[in-house]
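I opened this notebook to keep track of what I looked up, one topic at a time. The entries follow the order in which I went through the structure.

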Amino acid sequence: MSVCVNFFRPFTRFLVPFTLHRKRNHLYSTILPRYISSKIPAVTSPNNESTPPSEELELDKWKTTMKSSVQEECVSTVSSSKDEDPLAATREFIEMWRLLGNEVPEHITEEELKTIMECVSKTAKKKYLKYLYVKEKHKKAKQIKKEMKAAAREEAKNVKLLETTEEDKQQNFLFLRLWDRNINIAMGWKGAQAMQFGQPLVFDMAYENYMKPKELQYTISQLLESEGWNRRNVDPFHIYFCNLKTDSAYHRELVKRYEEKWDKLLLTATEKSHVDLFPKDSIIYLTADSPNVMTTFRHDKVYIIGSFVDKKMQPGTSLAKAKRLKLATECLPLDKYLQWDTGNKNLTLDQMMRILLCLKNTGNWEEALKFVPQRKHSGFLEISQYSQEFINRLKKAKTSNSFSKGSLNVCAQKWLK
C-alpha cells in the first residue's frame, strides 16, 4: 500500500485539479436549472449565508386581483361623478383644459355651459370651446380697435381745441346748439305740414306670414331708413303704416327700435287697410312683377309699397294681393333707362323711398334711378329701347313719305323732352 501511495504521489499535482474541475461542473449543472426554474432572481444575504430558493409567484392570481381593484375604483369614480352636479363637472373640465394651456375662453355663460354638456363626445366639447375662444378673441380685437379709434378722435379733438381760442370755443358751442335745435324744429314743422297737406305714401304691413324673423328685422331696419330719409327731405310724404296690428311682430319690433319716440313720430300707424282709407281709383300698387311700366310720377295718386323683404324668392306675392283687391299696379322703368346685368329687379324700401322723393321733387328719372345699386347694372342707356323703337318707326315713316319733315322734328322733340 505504501508502495502504491509512493507511486501516485508524484502524479497528485495533475490529478487533483482534474477531479476538482469535474466536481465544479457537476455543481453548475445542478444549481443552474434550479436558478432558471425560479420566477425571481436569487438574493444573497449580506452575511454570505445561503438562502433557500424562492417559491414561484402566482402571477395569474395577482393579475386578477389587480384588475378587480381597478374596476372597483372605476365604479366608485363613476358613481361619485354621477352624484356630482353636471355643471360643476363641466366647469372642472374647462378649468383643467385651461390649465393644460389649450384654447379656452375666459368668460362662459350658462347657456354655453349647457351647450357643452349636450355635446356627445369629448372632441365635440373641445371644438366648441375653441370656437368660443376664437369668437371671444375677435370680440376683444374689435373692442381694442374701437377704443383706439375713440382715443384718436379724442386726441384730434384736443389738438383742435388747443389751436382755437376760448371765444371761438364759445361761439362754436353756441352755433352747434342752436343749429341742432333749429334743425329739429324745422323737421318737426315739415313733418306736421306733410301730415296735413302732403301726398300720402303707404307701407303695407300685411306680409308678416311671408317672412322669417330675420327677414322681418331687415324689413324694420329698411322702414327706419325710409322714415329718416322722408323726414330730412324738403317736401316729405305723409307716411301711412297700414294693416299694422297691435302686438304683431311688426308692431313689437317698431316699438323696440323707436322706444319712447314711437308715440311722437309724425306718421299715421293704423290697423285699417289702405282700401278703407283711400278710394281704389286713386291707389297704385308698386310691385316689380307688374306688367305696367311707370312713365311719370303722379302727384294725385296714392302709391303703395309692400313692406316685404323677399329672401326666399317668392315672385308675384304683392301682385296677387293687388289683383285680389282690384288695384292698379305699376313697376319702375328699370329696363328703359338701365343696362341691367344680374339679379332681380326688387329694390329695398329705403331705395324706393329715395327714388320716389327724387321723382316727386324733380321728375327726372335719371336723377332718381341713381339710387339703384350700381352692382345690379352697368350704367345708363344712351338711347333707351323705347326711344330706339320710336326713332326706327320715324325713319320708316320718313322713307315712305307718310308725313312731312316738320312734323317729324316736332314729334322727335316732344319724345326727347
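The entries below go from the overall make-up to the sheet, the pocket and a few single residues.

**Entry: overall make-up**

I note at the outset that this is a predicted model. I counted the secondary structure elements and found 16 helices and eight strands in the protein. Of its 417 residues, 29% are buried. I also looked at how far apart in sequence the contacting residues lie: among contacts with a separation of 6 or more, 74% are between residues 24 or more positions apart.

**Entry: the open sheet**

I traced an open sheet of six strands, with parallel pairing, and wrote down its order as β3-β2-β1-β5-β4-β6. Its edge strands are β3, residues 268–269, and β6, residues 328–330, each of which pairs on one side only.

I then followed β6 to its partner: β4, residues 283–286, pairs with β6 in the parallel sense over three bridges, and within this pairing Ile 284 stands opposite Ala 328. Helix α11, residues 317–324, packs on the sheet and touches β1, β4 and β6, while its direction makes about 160° with that of β4.

**Entry: strand β2**

Between β1 and β2 I found five bridges, and the two strands run parallel; Asp 204 stands opposite Cys 242 in β2. Is β2 enclosed by the rest of the structure or exposed? Five of the five residues of β2 are buried, so I recorded the strand as largely enclosed by the rest of the structure. I checked the two faces separately: His 238, Tyr 240 and Cys 242 are buried on one side, and Ile 239 and Phe 241 are buried on the other, which leaves both faces covered.

**Entry: Glu 271, beside the end of β2**

From Cys 242 I went on to Glu 271, since the two are 29 residues apart in sequence but 5.9 Å apart in space, C-alpha to C-alpha. Glu 271 has its place in the loop between β3 and α10, and at 40% relative accessibility Glu 271 counts as partly exposed. Leaving out residues up to four places away in sequence, I listed the residues that Glu 271 touches as Asn 243, Leu 244, Lys 245 and Thr 246.

**Entry: two charged residues that I checked for burial**

I looked up Glu 330, which is found in strand β6. Is Glu 330 buried or exposed? Glu 330 counts as buried because its relative accessibility is 11%, below the cut-off of 20%. Apart from residues up to four places away in sequence, Glu 330 touches several residues, including Ile 284, Tyr 285 and Leu 286, as well as Arg 298 and Tyr 303. I also noted that the C-alpha atoms of Glu 330 and Thr 295 are separated by 9.2 Å, with their positions 35 residues apart along the chain counted as the distance apart.

Lys 360 was next, and I placed it in helix α13. Its relative accessibility is 10%, and Lys 360 therefore counts as buried. With its neighbours within four places in sequence left aside, I found Lys 360 in contact with Gln 199, Asp 235, Pro 236, Phe 237, Phe 297 and His 299.

**Entry: the largest pocket**

How I looked for empty space rests on a simple idea: rolling a probe the size of a water molecule over the atoms shows where such space is left. The largest pocket has a volume of about 780 Å³. I noted 36 lining residues, and those closest to the centre of the pocket are Ala 288, Lys 345, Asn 346, Leu 347 and Thr 348.

Which elements supply at least two residues each of the lining? I found α8, residues 213–232, β5, residues 302–306, α11, α12, residues 334–337, and α13, residues 349–361. By residue class, I recorded the lining as 16 nonpolar, 11 polar and nine charged residues.

**Entry: positive phi values**

I went through the backbone angles with a general expectation in mind, namely that most residues other than glycine have a negative phi. Asp 247 has a positive phi, near 65°, and is not a glycine. I located Asp 247 in the loop between β2 and α9, and it counts as exposed because its relative accessibility is 54%.

Glu 259, also not a glycine, has a positive phi of about 60°. Where does Glu 259 lie? I located Glu 259 in the loop between α9 and β3, and at 52% relative accessibility Glu 259 counts as exposed.

Notes: Residues are numbered from 1 along each chain as its sequence is written. This is a predicted model: local features need pLDDT of at least 70, side-chain atom pairs count only at pLDDT 80 or more; totals for chains, interfaces and linings use all residues. Side-chain values use heavy atoms; hydrogens and water are left out. Two strands pair if DSSP finds at least two bridges between them. Helices (H or I, at least four residues) and strands (E, at least two) are DSSP runs, numbered from the N terminus. Contact means heavy atoms within 4.5 Å. Axes are lines fitted to C-alpha atoms, for helices over the stretch in contact, and angles run from 0 to 180 degrees between N-to-C directions. On a 1 Å grid over the protein atoms alone, a cavity is a set of points where a 1.4 Å probe fits but cannot get out, and a pocket is an open set with protein on both sides within 12 Å along at least five of seven lines; lining residues have an atom within 4 Å of a point. Grid points are joined across faces, edges and corners, and a volume is the space filled by probe spheres set on the points. Ala, Val, Leu, Ile, Met, Phe, Trp, Tyr, Cys and Pro count as nonpolar, Asp, Glu, Lys and Arg as charged, and the others, Gly among them, as polar. Buried means under 20% relative accessible area, exposed over 50%, partly exposed in between (1.4 Å probe, protein chains only).
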